[in-house]
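Student: I would like a close look at a single part of this protein. Please take me through the aromatic pair and what surrounds it, step by step.

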Amino acid sequence: MSGGERRRPPTIHDVAREAGVSRGTVSRFLNGGHNVSPAAADAVRAAIRRTGYVVNRHARSLITGRSDSVAFLLTEPQEKLFEDPNFNVLLRGCTQALAAHDIPLLLMIAGTPAERRRVIRYVTAGHVDGVLLVSSHTGDPVAEHLLGTGIPVVASGKPIDRQGRTARLAHVAADDRAGAREMVRHLVSTGRRTIATVAGPPDTPGGVERLAGWREVLVEAGLPAGDELVAHGDYSRGSGERATAELLDRVPDLDAVFVASDLMARGALAALERAGRRVPRDVAVGGFDDSPAAVSGLPELTTIRQPWDRISSEMVRVLLALIGGEEPSAVVLPTELVVRESA
C-alpha cells in the first residue's frame, strides 16, 4: 500500500464472511444477540477481534433511533457508591456483561431531588436505550416516572410499590427471604435461642424480605420473635454498630444476631467487642451478601452469598430483551449459606 492510500476499515460484511455467518446474524448479534445461537455468537466475537471491526455508533443510531448505550442508575446518595461494596461489584458485572455486546455503560446517581430531575431529563431525552436501576426504595419516584415514559428499565432487587405490593417492573433479585431463613436456621442449629436481627431499611425489598425470613424461622422453632429483637440500619457500617448497641441495651442476654448486610455486620462486631461480648462464643453473628466486607477483618463472617455475577448478567439480558421489544420479566436467583468463623 502506497503512502497516500488508506486501508479500508472492516465492515459488517467482512465480519460475516470471516465468521462464516450471514450479515443478518452479525446485525442481530450487534443489536443485542436475540435469535443468535451461542456458536454463532462466539464466531462473530472472534471475527470482530480478527478483523478489528468497530461499530459506527453515530451512523447506527441515525438508522435505528437508538443511542447504543445503557445507564446504571443508583438512586442513593453518592457516598453509598464508595461505602457499600455491593454497588461496585454490581457495576463491574454489568459493565462486563454489556461489553460482550459492545455497549457502553453510563454511571448515573440520583440521590437528591435535583439529581433525580436531571437524570430523568437526560434519560427521557433519548440519550440511553435503557436503565439498570439499583437500590430502589418503596415508591421510588425515579422508577415510577421512568415506567410512565415507556423507557426499558430493569431493577436490581424486587421492587415494592407504595401499597407494599411487587411493582410492575422487570427485575432481577436474589431470594432474600429464603436466604434469611437459611441463615436463621443455621443459627438455631448451633444452639442459639435469643436471636436478634439488624434489619435493613423497612422501605427496601431486602429490608422487608430478610426481616420476614428471620421472623418465620423463629416462629416455626417456637423462639422469641418480637419487635424488641429488631433494630433497623441503613446498610452502612455505622448504622449496624448503632443498631447492635441498641439491641444489647434492650436484650442483654441475646446470643445471636442476624444482620441484613455484611457491612452492617462489621459494625455489629465492633459494638459487640466494645460491650465485651466474644464472637462467636458469647454471640454468633450472621451477615448477608458475601461481599468483600465479609472477609475484610476478623472474625470472617458467616453469611449468605448473593450470586452477583448472575445478577449482573441477568439484569443485562433482561434489559436487552426489553429493548428488543420483549415483555418485562422477573428473575429470582437462589442464595447460598457460607459458614466461616462468626457463627
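Tutor: Here is the pair, followed by its neighbours, the loop and the sheet. Keep in mind that this is a predicted model.

Start with the rings. The structure holds one aromatic pair. Its members are Phe258 and Phe288. Their centres lie 6.4 Å apart, and the planes meet at 55°. Planes over 60 degrees apart would count as edge-to-face, and those under 30 as stacked. The pair is therefore tilted, at 55°.

Where do the two rings come from in the chain? Phe258 belongs to strand E8, residues 256–259. Phe288 sits in the loop between strand E9 (284–286) and strand E10 (303–305). The two are 30 residues apart, so the pair links distant parts of the chain.

Are the rings buried or exposed? The cut-off for buried is under 20% relative accessible area. Phe258 has 0% relative accessibility, so Phe258 counts as buried. Phe288 also has 0%, so Phe288 counts as buried too.

Now add a charged residue. Arg210 lies over the face of Phe288, at 3.9 Å from the ring centre. Arg210 is part of helix H10, residues 205–221. Its relative accessible area is 8%, so Arg210 is buried. What does Arg210 touch, leaving out residues up to four places away in sequence? Both rings are among its contacts, Phe258 and Phe288. So are Asp176, Ala180, Tyr235, Ala260, Asp289 and Gln306.

Asp289 takes us into the loop. Asp289 is found between E9 and E10. Its phi is near 125°, a positive value in a residue other than glycine. At 3% relative accessible area, Asp289 is buried. Asp290 lies in the loop between E9 and E10 as well. Asp290 has a positive phi too, about 55°, and is not a glycine. With a relative accessible area of 17%, Asp290 is buried. Further along, Pro299 lies in the loop between E9 and E10. The peptide bond from Leu298 to Pro299 is cis, with omega near -5°.

There is also a cis bond on the way into E9. It runs from Val279 to Pro280, with omega near 5°. Pro280 is in the loop between helix H12 (262–274) and E9.

Next, the sheet. Strands of a sheet pair through backbone hydrogen bonds, either parallel or antiparallel. Here four strands form an open sheet in the order E7-E6-E8-E9, and the pairing is parallel. Which strands stand at the edges? They are E7 (230–232) and E9. Each has a single partner strand, so one side of each has no neighbour in the sheet. From one strand to the next, the twist averages 20°.

Look at one pairing in detail. E6, residues 195–199, pairs with E7 in the parallel sense over three bridges. Within it, Val198 stands opposite Ala231 in E7.

Last, a helix over the sheet. Helix H9, residues 176–189, lies across E6, E8 and E9. H9 runs at about 165° to E8. Two residues from the list of contacts of Arg210, Asp176 and Ala180, fall within H9.

To sum up, Phe258 from E8 and Phe288 from the loop after E9 make the pair, and Arg210 lies over the face of Phe288.

How values were computed
Residues are numbered from 1 along each chain as its sequence is written. This is a predicted model: local features need pLDDT of at least 70, side-chain atom pairs count only at pLDDT 80 or more; totals for chains, interfaces and linings use all residues. Side-chain values use heavy atoms; hydrogens and water are left out. Rings of Phe, Tyr and Trp (its six-membered ring) pair if their centres lie within 6.5 Å; planes under 30 degrees apart count as stacked, over 60 as edge-to-face and the rest as tilted. Buried means under 20% relative accessible area, exposed over 50%, partly exposed in between (1.4 Å probe, protein chains only). A charge sits over a ring if NZ of Lys or CZ of Arg is within 6 Å of the ring centre and within 35 degrees of the ring normal. Two strands pair if DSSP finds at least two bridges between them. Axes are lines fitted to C-alpha atoms, for helices over the stretch in contact, and angles run from 0 to 180 degrees between N-to-C directions. Contact means heavy atoms within 4.5 Å.
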